[in-house]
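This report introduces a protein structure to a reader who has not met it before. It moves from helices to an internal cavity and then to individual residues.

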Amino acid sequence: MAVAAEFMLSAPRPEHFPKPDTPEVALLGRSNVGKSTLLNTLVGRKVAFSSNTPGRTQAANFYRVEGGSFRVVDLPGYGYAKVSRETVEGWKQIVESYLLSRSCLALGILLLDSRRAWMESDLLLKEWLEFHQRRYVVVATKVDKLNQKERNQSQRAIREQYPSGELIWFSAVTGQGVKEVWQTIWKTLNQ
Ligand code: GDP
């Protein structure tokens with residue numbers, strides 16, 4: 001199933017967010033966890049750029065999906081390379097203000113690198129999502145890099161902090177999890 005998606009705008013600060021008139025699915029997680037790869041895999045085309053791309057790091061990138069019936073928002077990731085205090089503040093401002101006030105946020109997708117499970121900034125995001133009573137799912141990325149034993153360990157580590165919520169194992173290499181992520185998105189948008 002091909003889903004149409006196009007880049008809409010890049011918002012370096014909350015005042016650049018588009019009008020909240022369309023449901024949004026937000027991708028959250030550390031830099032390099034695989035957010036742009038997830039979006040590109042979901043739509044079967046390269047619409048999103050890696051956060052390693054200069055200039056993309058600290059902005060929230062908005063994508064129009066299915067002719068504008070909903071949007072995907074790639075929120076800036078935390079923790080890639082060394083960042084200055086101003087950069088951390090910029091990241092906090094944009095992500096926090098998004099989670100705090102975005103009335104059209106329908107679903108948060110919290111991406112964890114399956115090899116690392118929870119890192120401090122992931123737990124912070126999780127707390128924010130729960131505190132602001134946002135609906136979210138956890139997607140464990142790069143599962144193709146784990147053998148069965150490592151995957152079991154990863155599952156235990158993820159479940160320690162997230163005992164019963166929806167957890168999707170994802171690989172852009174094998175396509176594992178693509179269907180599940182779409183099903184979760186459609187289910188949420190149709191509610
Ligand atoms: P972002 O910073 O969160 O947008 O992360 P990217 O999507 O740019 O991914 C960071 C790196 O991880 C890139 O080199 C990707 O090719 C790689 N990557 C992302 N997802 C997967 C995956 O499912 N499997 C493997 N093996 N590599 C992945």
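On one side of helix α3, the residues E120, E127 and F131 are exposed. The model described here is a predicted one. On the other side of the comparison stand the buried residues of α3, namely S121, D122, L125, K126, W128 and L129. Seen down the axis of α3, these buried residues fall within an arc of 160°, so they line one face of the helix. Just after α3, Q133 adopts a positive phi of about 50°.

**Two helices**

Helix α5 can be described in the same terms. Its buried residues are V178, V181, W182, T184, I185 and T188. Viewed along the axis of α5, they fall within an arc of 160°, so they line one face of that helix. The table sets out the dimensions of the two helices.

| Helix | Number of residues | Reach, first C-alpha to last | Expected at 1.5 Å a residue |
|---|---|---|---|
| α3 | twelve residues | 16 Å | 16 Å |
| α5 | twelve residues | 17 Å | 16 Å |

For α3, the reach is close to the expected value, and the reach of α5 is likewise close to its expected value.

**The second largest cavity**

How many cavities of 30 Å³ or more does a search of the whole structure find? The search finds two. The second largest cavity holds about 30 Å³ of space. Its lining consists of L39, L42, V43, V65, F70, V72, W182 and I185. Three elements give two or more residues each to this lining: α1 (35-43), β4 (70-74) and α5 (178-189). Of these, α1 supplies the largest share, with three residues. Which classes of residue make up the lining of the second largest cavity? By class, eight are nonpolar, while no polar and no charged residues take part. W182 and I185 therefore appear twice in this account, since both are among the buried residues of α5 and both belong to the lining of the second largest cavity.

**A buried serine in α4**

S154 is placed in helix α4, which covers residues 148-161. Is S154 buried or exposed? With a relative accessible area of 5%, S154 falls under the 20% cut-off and is therefore buried. When its neighbours within four places in sequence are left aside, S154 is in contact with S114, L146 and W169.

**Residues in loops**

Several residues of interest lie in the loops between elements. N32 is found in the loop between β2 (24-28) and α1. Its phi is near 80°, a positive value in a residue other than glycine. The relative accessibility of N32 is 36%, so N32 counts as partly exposed.

K142 occupies the loop between β6 (136-141) and α4. Phi of K142 is near 60°, again a positive value in a residue other than glycine. At 22% relative accessibility, K142 counts as partly exposed.

R116 lies in the loop between β5 (105-113) and α3 (120-131). With a relative accessible area of 49%, R116 is partly exposed. How far apart are the C-alpha atoms of R116 and E96? They are separated by 23 Å, and the two residues are 20 residues apart along the chain.

Definitions and conventions:
Residues are numbered from 1 along each chain as its sequence is written. This is a predicted model: local features need pLDDT of at least 70, side-chain atom pairs count only at pLDDT 80 or more; totals for chains, interfaces and linings use all residues. Side-chain values use heavy atoms; hydrogens and water are left out. On a 1 Å grid over the protein atoms alone, a cavity is a set of points where a 1.4 Å probe fits but cannot get out, and a pocket is an open set with protein on both sides within 12 Å along at least five of seven lines; lining residues have an atom within 4 Å of a point. Grid points are joined across faces, edges and corners, and a volume is the space filled by probe spheres set on the points. Helices (H or I, at least four residues) and strands (E, at least two) are DSSP runs, numbered from the N terminus. Ala, Val, Leu, Ile, Met, Phe, Trp, Tyr, Cys and Pro count as nonpolar, Asp, Glu, Lys and Arg as charged, and the others, Gly among them, as polar. The expected span of a helix is 1.5 Å times one less than its number of residues. Buried means under 20% relative accessible area, exposed over 50%, partly exposed in between (1.4 Å probe, protein chains only). The arc is that of the directions from the helix axis to the C-beta atoms. Contact means heavy atoms within 4.5 Å.
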